[in-house]
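Here are my notes on the helix packing, set out as numbered points for you to check against the coordinates.

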Amino acid sequence: MLNALRKVAAFCLCIALGLGLITPAPSFADSFKPADLAVIRRQAAAFKAAEQRLPELARLVSNDDWTYTRNMIHGPMQEVGREMLYINQRLDRSQKKEATKLAANLKNALADLDEAARLQDSNCMQKAYSAVASGFDAYSAFIPSEALS
């Protein structure tokens, strides 16, 4: 009986020591090379600058200003797709697939908004703007917080 208790105690000690040797997972910031983080910071800043223009775009959409809506899409918001591409290339492998999907959704929403403005369809423009705004919000969640500081 004493021998069995020693074996159980030794087993528990091995488990405790084994768990003590497990290192915590690396933080999100540790997974980026400094050069990658610099690129993400630069692209995230440009993405956020475009996102800050959403209230202006909303005014254009609500005023049915077809021309300036399209100018906004083809001007200040034109590079959003490229910025997301560069960010996606440097994201963690586990996040890359979802971020790419969200980027495609945002680009499609911008294209839909552009088409609605071209056709001068107010209802479609409102729906497309909602998709654009939610697309910006969804993609922003994938930008590492280290890149925004």
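1. A convention is needed before the helix pairs can be discussed: a crossing is called left-handed if the near helix is turned anticlockwise from the far one by less than a right angle, and right-handed if clockwise. Please also keep in mind throughout that this is a predicted model.

2. By that convention, the crossing of α2 and α5 is left-handed. The axes of α2 and helix α5, which spans residues 80-90, come within 9 Å and cross at roughly 150°. Since angles over 145 degrees count as roughly antiparallel, α2 and α5 are therefore described as roughly antiparallel to each other.

3. As for the residues that build this contact, α2 contributes Asp36, Val39, Ile40, Gln43, Ala44, Ala46, Phe47 and Ala50, which meet Val80, Arg82, Glu83, Met84, Tyr86, Ile87 and Arg90 of α5. Sorted by character, the residues of the contact of α2 with α5 comprise ten nonpolar, one polar and four charged.

4. A second pair, α4 and α6, packs at an angle of about 155°, with the two axes 9 Å apart, and that angle makes α4 roughly antiparallel to α6. The crossing of α4 and α6 is left-handed. On the α4 side the contact is made by Trp66, Thr69, Arg70, Ile73 and His74, and on the α6 side by Leu110, Leu113, Asp114, Ala117 and Arg118; the residues of this contact divide into five nonpolar, two polar and three charged.

5. Which residues of helix α3 are buried? In this helix, residues 54-62, they are Leu54, Leu57, Leu60 and Val61. Viewed down the axis of α3, these buried residues fall within an arc of 115°, so they line one face of the helix. The general background is that an α-helix has 3.6 residues a turn, so residues three or four places apart point the same way.

6. The cover over the buried residues of α3 includes α2 (34-51), α4 (66-74), α6 (93-119) and α7 (122-140). Just after α3, the backbone at Asp64 takes a positive phi of about 50°, a point that may be looked at in the model.

7. One further residue to look at is Lys101, which has its place in helix α6. Lys101 counts as partly exposed because its relative accessibility is 48%. Although Lys101 and Tyr139 are 38 residues apart in sequence, their C-alpha atoms are 9.3 Å apart in space.

Technical notes
Residues numbered from 1 in each chain as written. Predicted model: local features only at pLDDT ≥ 70, side-chain atom pairs only at ≥ 80, totals over all residues. Heavy atoms only, no water. Buried < 20%, exposed > 50% of the residue type's maximum accessible area, 1.4 Å probe, protein only. Helix = DSSP H or I, 4+ residues; strand = E, 2+ residues; numbered from the N terminus. Arc of directions from axis to C-beta. Contact = heavy atoms within 4.5 Å. Axes fitted to C-alpha atoms, helices over the stretch in contact; angles between N-to-C directions. Parallel < 35°, antiparallel > 145°, perpendicular 65-115°, else oblique. Nonpolar A, V, L, I, M, F, W, Y, C, P; charged D, E, K, R; others polar.
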